[in-house]
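Me: Could you take me through this structure with a close look at a single part? I'd like to have the whole chain as a setting, then the part itself, and then some other places to set beside it.

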Amino acid sequence: MSRNEKSVPRSVQEAVHACAVRAKQGSAALARASDAEIDTALRAMAERLHTARGTLTAANQDDLRSAESGGMSKALQDRLRLTGPRLEDMATELRTLADVPHEPRDSVLEERPDGLVLLERRRPVGVIGANFEARPNVTLDVTSQFLKSRNGGVLRTGSAALRSSQALIAHVITPALTDAGLDPDAIQLVPSEDRAAAYALVSLPETVPLVILRGSGESTRELGRAAARHGVRTLAHADGGGVLYVGRDADEKMVHELVSNSLDRLGVCNRLNLLLIDRAVYEGLLPGLLKALEGLGIAASLPPHTHARGYEWSLDSEHAATVTIDAADGPLEAARIANEETSGLAAAVITQDSDAAAQFMDAYGGSGVFWNSTTRLLDGFKLLHLPETGINIDRVPGPRGPVTYRDLYLRQYVVRPATSMRI
């Protein structure tokens with residue numbers, strides 16, 4: 001047990017537990033709600049992002065001022081910032097999700113010769129927790145997924161984004177649920193700024209059996225270990241960073257375009273982190289790429305490296321504007337490096353050679369692989385046209401890649417007579 005886990009103040013533990021109890025009570029209404037009521041709440045949230053814009057941006061500016069005075073990096077401030085266009089994008093995502101047909105409660109697997117029917121039934125988990133840092137938009141991303149899957153939620157964010165998230169709860173989520181006839185207690189935000197609240201959240205298996213962990217590196221991995229000790233399951237997103245392999249037959253113009261598109265935001269996990277260039281064209285392409293990176297304000301870490309080849313720059317507040325560059329002896333070695341020396345989030349290959357592309361894509365085992373496109377596409381809305389709760393990169397069965405409402409359920413087998421009434 002870590003020191004952080006041992007030192008959870010009683011007041012923090014009680015506050016988180018109280019949120020979990022209220023969410024569990026409120027989630028009962030979600031399980032009974034009609035599809036129309038759920039989608040009405042989502043559309044109302046989208047509308048309130050517009051009507052409450054002034055209040056939301058004022059709260060966010062308070063968070064940003066505190067973050068800047070506290071020395072937060074520019075990359076992390078970018079993740080924290082809520083601009084008018086970003087609020088509009090959030091509203092668009094909510095409306096899109098509301099328009100997506102709900103998953104069927106029951107699916108017929110087999111009509112058996114003995115007169116019985118085997119069904120697979122989707123059941124809500126009940127209450128799901130979510131821990132995230134400095135990303136107020138995640139407050140709505142996660143909430144929308146919980147609502148669409150009919151799960152209650154307990155959200156915990158760090159002090160950097162707490163005022164923004166509280167404003168979203170108070171002026172968007174709670175009134176939208178109320179107006180739709182749903183219990184607003186179903187979605188709770190832990191009011192404490194104490195980091196210990198994250199450890200309290202992963203210690204409640206009876207009320208919060210599943211927690212989504214979004215964060216940075218070792219701190220998130222430690223939360224996952226703490227959850228396991230308490231018998232709480234997690235969908236963890238602790239690591240990231242995209243890999244881009246430039247094949248010997250790559251079009252140089254396309255390479256420059258995709259490198260630029262992969263670095264539009266530096267504080268996100270699916271940005272370009274490791275650039276591998278086929279050794280046969282390394283010397284020829286490197287000068288142009290270095291010039292292009294310099295124009296983007298990005299430093300290049302060239303071999304011999306003083307850090308691990310898969311070092312994740314987005315987690316380094318002082319050096320986020322950096323990309324690691326190295327050579328690779330063909331697509332199979334590039335895939336091996338991506339598999340063994342990076343998180344396994346996503347990798348892309350740029351080549352006009354379909355055989356080389358197939359070798360790379362067949363060999364790479366991460367959660368997303370791309371040909372002549374950027375790993376920035378590994379995002380719930382960009383890839384699946386749905387908001388996400390996070391990107392899961394576990395190497396075991398279960399949801400992988402962007403996790404959406406379609407993954408947040410329990411599977412139940414139901415056997416009934418073929419002629420019986422629906423139950």
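Reply: Happy to. A word on terms before we begin: helices and strands here are DSSP runs, with at least four residues for a helix and at least two for a strand, numbered from the N terminus. Please keep in mind that this is a predicted model.

On that basis, the protein chain has 15 helices and 16 strands. Its radius of gyration is 23 Å, close to the 22 Å that the globule rule gives for 423 residues, so the chain is as compact as a globular protein of that length. The C-alpha trace spans about 70 × 65 × 45 Å along its principal axes. Of the 423 residues, 54% count as buried. Taking contacts between residues at least 6 apart in sequence, 73% join residues that are at least 24 apart. The accessible surface comes to about 18,200 Å², and carbon and sulfur atoms account for 51% of that. As for charge, the mean positions of the 47 positive and 54 negative charges lie 5 Å apart.

Now for the close look, at β10, β11 and the loop between them. Let's start with Ser301, which sits in strand β10, residues 299-301. Ser301 has a relative accessible area of 13%, and because buried means under 20%, Ser301 counts as buried. Leaving out residues up to four places away in sequence, Ser301 touches His307 and Trp313, and also Thr322, Val323, Thr324 and Ile325. Strand β11 covers residues 322-328, so if you follow those last four contacts on the display, you will be looking at that strand.

Next comes the loop between β10 and β11, where Pro304 is placed. Look at the backbone here: the peptide bond that joins Pro303 and Pro304 is cis, with omega at about 0°. Pro303 comes up again in a moment, as a contact of Asp326.

That takes us to Asp326, in strand β11. With a relative accessibility of 12%, Asp326 counts as buried. Setting aside neighbours within four places in sequence, Asp326 is in contact with Leu275, Leu276 and Ile277, with Tyr282, with Pro303 and His305, and with Arg309. The contact list of Asp326 thus includes Pro303, one of the two residues at the cis bond. Leu286 is 40 residues from Asp326 in sequence, yet their C-alpha atoms are 9.8 Å apart in space.

Ala327 belongs to strand β11 as well. Its relative accessible area is 7%, and Ala327 is buried. Beyond its neighbours within four places in sequence, Ala327 is in contact with Ile277, Arg279, Tyr282 and Arg309. Ile277, Tyr282 and Arg309 are also among the contacts of Asp326. His305 and Ala327 are 22 residues apart in sequence, with 12 Å between their C-alpha atoms.

With that part in view, here are two other strand pairs to set beside it. In β3, 6 of the 6 residues are buried, so this strand is largely enclosed by the rest of the structure. Val127, Gly129 and Asn131 point one way from β3, while Ile128, Ala130 and Phe132 point the other way, and all are buried. Strand β4, residues 152-157, runs parallel to β3, and 6 bridges join the two. Within that pairing, Gly129 stands opposite Val154 in β4.

The other pair is β12, residues 346-350, with β13; these pair in the parallel sense over 4 bridges. Ala348 has Phe370 of β13 as its bridge partner. Along β13, residues 368-371, the side chains alternate: Gly368 and Phe370 point to one face and are buried, whereas Val369 and Trp371 point to the other and are not.

Finally, two loop residues are worth a stop for their backbone angles. Ala134 lies in the loop between β3 and α7, the latter being residues 136-148. Its phi is near 50°, a positive value in a residue other than glycine. Ala134 counts as buried, at 12% relative accessibility. His385 is found in the loop between α15 (380-384) and β14 (390-392). Phi of His385 is near 60°, again positive in a residue other than glycine. His385, however, counts as exposed, at 53% relative accessibility.

To return to your single part: Ser301 in β10 is buried, as are Asp326 and Ala327 in β11, and the loop between the two strands holds Pro304, joined to Pro303 by the cis bond.

Methods: Residues numbered from 1 in each chain as written. Predicted model: local features only at pLDDT ≥ 70, side-chain atom pairs only at ≥ 80, totals over all residues. Heavy atoms only, no water. Rg over C-alpha atoms; globule rule 2.2 N^0.38 Å. Buried < 20%, exposed > 50% of the residue type's maximum accessible area, 1.4 Å probe, protein only. Contact = heavy atoms within 4.5 Å. Areas by Shrake-Rupley, 256 points an atom, 1.4 Å probe, with all protein chains shown as cover. Lys, Arg positive; Asp, Glu negative; His and termini not counted. Charge placed at Lys NZ, Arg CZ, Asp CG, Glu CD. Pairing = 2+ DSSP bridges.
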